[in-house]
Amino acid sequence: MLRPTPAPSVERSKIRRVLEDRLTALARAHQVPGAQLAVHSGGMTLAVETGVLDAETGEPFTAEAAVPIGSVTKAYTATVVALLVADGDVELDDPLGDHVPELRRAGPPCTVRQVLSHTAGLPSGPDSDQVASVTAARYLLDHCTDRTLVMPPGTDFSYSNAGYVAAGRLIETVTGMSWQEAMRSVLLDPLGTVPSFIGTAATPHRPTARGHSANTATGRTRPVRQNLAPAEAAAGALRASALDLVALGRAHLGDGPRGCRPVSSRRRCAAPCPAPTPVCWPTAGAWDGRSSGTARRCGSDTTATPRAPPARCGPIPPRGWWSASPPTRAAAPSCGTN
C-alpha cells in the first residue's frame, strides 16, 4: 500500500518538536538555564531554544540572542586572516613578525599558518587577571618571544591563546582597524551577524545570555561574570547565536549567504590589474571595511584607508569566500565582470 509523502512543513514541525524536546531535556539534566540549537541539513535550517537568558531576570531565550562563545571566537579570527590571505594581503607561510611589529626582533620564528593551527610553539598564555590592564602589543612583547616557546615551531601541537592574540594583532596591522572593527566589516556584516563583544559597549544591542554557575547540592543556579582581558579579545571575546555559527559553517562549505562568490572568482578579484588599464567597479557596501557606497568608481579606491591594496580586477566581491590554501596569482587577469 502506498503511503502519501508528508508535506515538508509537516516534517519540519516534527523535527522541530524532537529537537525542542531533546534540548529541553538536556538543559534540565545539566542545570543549564537556557540554550539554543541550530541544525542545517538538506537546504533547511531549524533553530530551537529553551529556558532563559538570565536566571535572575527570567528573560526568555530567543533565536537571535547572543551567547559568549569563548574560544570558538578563534574560528572567526582565523577566518578573517584567511580572507586577508585570499585577498593577497598576507601569505600563510609569511613569518609572523612580517605582520606583527612587536615580534619583528624578538618574536618566535614561526609562520602565520603555524599560529592559526596551534603549531607555532607559543605558550597557552597568562591568566586573564594578570593581563587585564595591558594592551595587545604589551602582551605580545611579554609573552610571545623566542624565549617563551614551549617547543620549536612546526614540531607539534600546543593550544595557545597567546597565538590568537598575535593573530588579532596581525589583523589590526594589516587592515588598519581594531580587531572588533575588522571582525565586523570583513566577516560579521557579510554573514548577517549582529556584532556583540565581551567588554565592548559600543556595539549594536542584541539580547545576550549570561554565564551561570550551578550548585549541584542545592540545585541553585546563579549568574556569574565572565572574565576576559581586553588584550585577549581575538581569542575569546565574541558573542554569537547558534544560527550565527551555522552561517559561518555554511560559508566555509561554500554555501554562504546569497551573493557570496566562489573562491576562484575571489582570487581573480584579488589579482592586480595590469597598468594602465582602468578599473571600474560598483560598490555594494563595506564588504571588507575599505570602501562603501553605491556609486560606480573608476581607478583606485579613493575612499580606501592608507593600508588598502591597489586597484583590483573586476567588481569588488560583495561576500566572497576563501580557500585554506594560499591564493594563486593570475599572470595577466582580465578586468571587468567575472
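Just after helix 8, Gly254 takes a positive phi of about 80°. Helices (H or I, at least four residues) and strands (E, at least two) are DSSP runs here, numbered from the N terminus. This is a predicted model, in which local features need pLDDT of at least 70, side-chain atom pairs count only at pLDDT 80 or more, and totals for chains, interfaces and linings use all residues. Residues are numbered from 1 along each chain as its sequence is written, and side-chain values use heavy atoms, with hydrogens and water left out.

## Helix 8 and its surroundings

Let us stay with helix 8 for a moment. Which residues of helix 8 (residues 242-252) are buried? They are Ala242, Asp244, Val246, Ala247, Leu248 and Ala251. Buried means under 20% relative accessible area, exposed means over 50%, and partly exposed lies in between (1.4 Å probe, protein chains only). These buried residues of helix 8 pack against strand 1 (34-41), strand 2 (44-51), helix 2 (73-86), helix 6 (179-191) and strand 6 (239-240). A contact means heavy atoms within 4.5 Å.

## The chain as a whole

Stepping back, the chain has 9 helices and 8 strands. Of its 338 residues, 43% are buried. Among contacts between residues at least 6 apart in sequence, 69% join residues at least 24 apart. The chain exposes about 17,100 Å², and carbon and sulfur atoms supply 54% of that area. Accessible areas come from the Shrake-Rupley method with a 1.4 Å probe; for residues, only the protein chains shown count as cover.

How confident is the predictor? The pLDDT is its confidence in each residue, from 0 to 100. The chain averages a pLDDT of 76, and 72% of the residues score at least 70. Over residues 1-6 the pLDDT is below 50, and this stretch has 1 contact in the model beyond near neighbours in sequence. Residues 259-338 also stay under 50 in pLDDT, and the model has 168 contacts for them beyond four places in sequence.

## A hairpin

Strand 1 and strand 2 form a hairpin with 2 residues between them. The two strands run antiparallel and are joined by 8 bridges; strands pair if DSSP finds at least two bridges between them. The bridge partner of Ser41 is Met44, in strand 2.

Gly42, in the turn of this hairpin, has a positive phi of about 60°. Most residues other than glycine have a negative phi, and most peptide bonds are trans. Two residues that are not glycines also have a positive phi, and the table sets them side by side.

| Residue | Phi | Location | Relative accessibility |
|---|---|---|---|
| Gln31 | about 55° | loop between helix 1 (8-29) and strand 1 | 26%, partly exposed |
| His118 | about 60° | loop between helix 3 and helix 4 | 11%, buried |

## The nonpolar cores

In soluble globular proteins, nonpolar side chains tend to be buried together. A nonpolar core is a set of buried Ala, Val, Leu, Ile, Met, Phe, Trp, Tyr and Cys residues joined through side-chain atoms within 4.5 Å. The largest one has 53 residues, and Tyr76 and Leu170 have the most contacts inside it. The elements giving two or more residues to this core are helix 2, helix 3 (112-116), helix 4 (136-143), helix 5 (161-175), helix 6, helix 7 (233-236) and helix 8. Helix 5 provides the largest share, 8 residues.

Not counting residues up to four places away in sequence, Leu170 touches Val81, Leu84, Val90, Leu96, His99, Val100 and Val112. There is also a second, separate core of 5 residues, which includes Leu19, Ala35, Leu46 and Val48.

## Trp179 and its ring partner

Where is Trp179 found? Trp179 lies in helix 6, and it counts as buried because its relative accessibility is 3%. Leaving aside neighbours within four places in sequence, Trp179 is in contact with Thr73, Thr77, Gly168, Ile171, Glu172, Phe197, Ala233, Ala234 and Ala237.

A search of the whole structure finds 1 aromatic pair. Trp179 and Phe197 form this pair, which is edge-to-face, with 5.4 Å centre to centre and 65° between the planes. Rings of Phe, Tyr and Trp (its six-membered ring) pair if their centres lie within 6.5 Å; planes under 30 degrees apart count as stacked, over 60 as edge-to-face and the rest as tilted. Phe197 sits in the loop between helix 6 and strand 4 (211-214), 18 residues from Trp179. Both Trp179 and Phe197 are buried.

How values were computed
pLDDT is the predictor's confidence in each residue, from 0 to 100.
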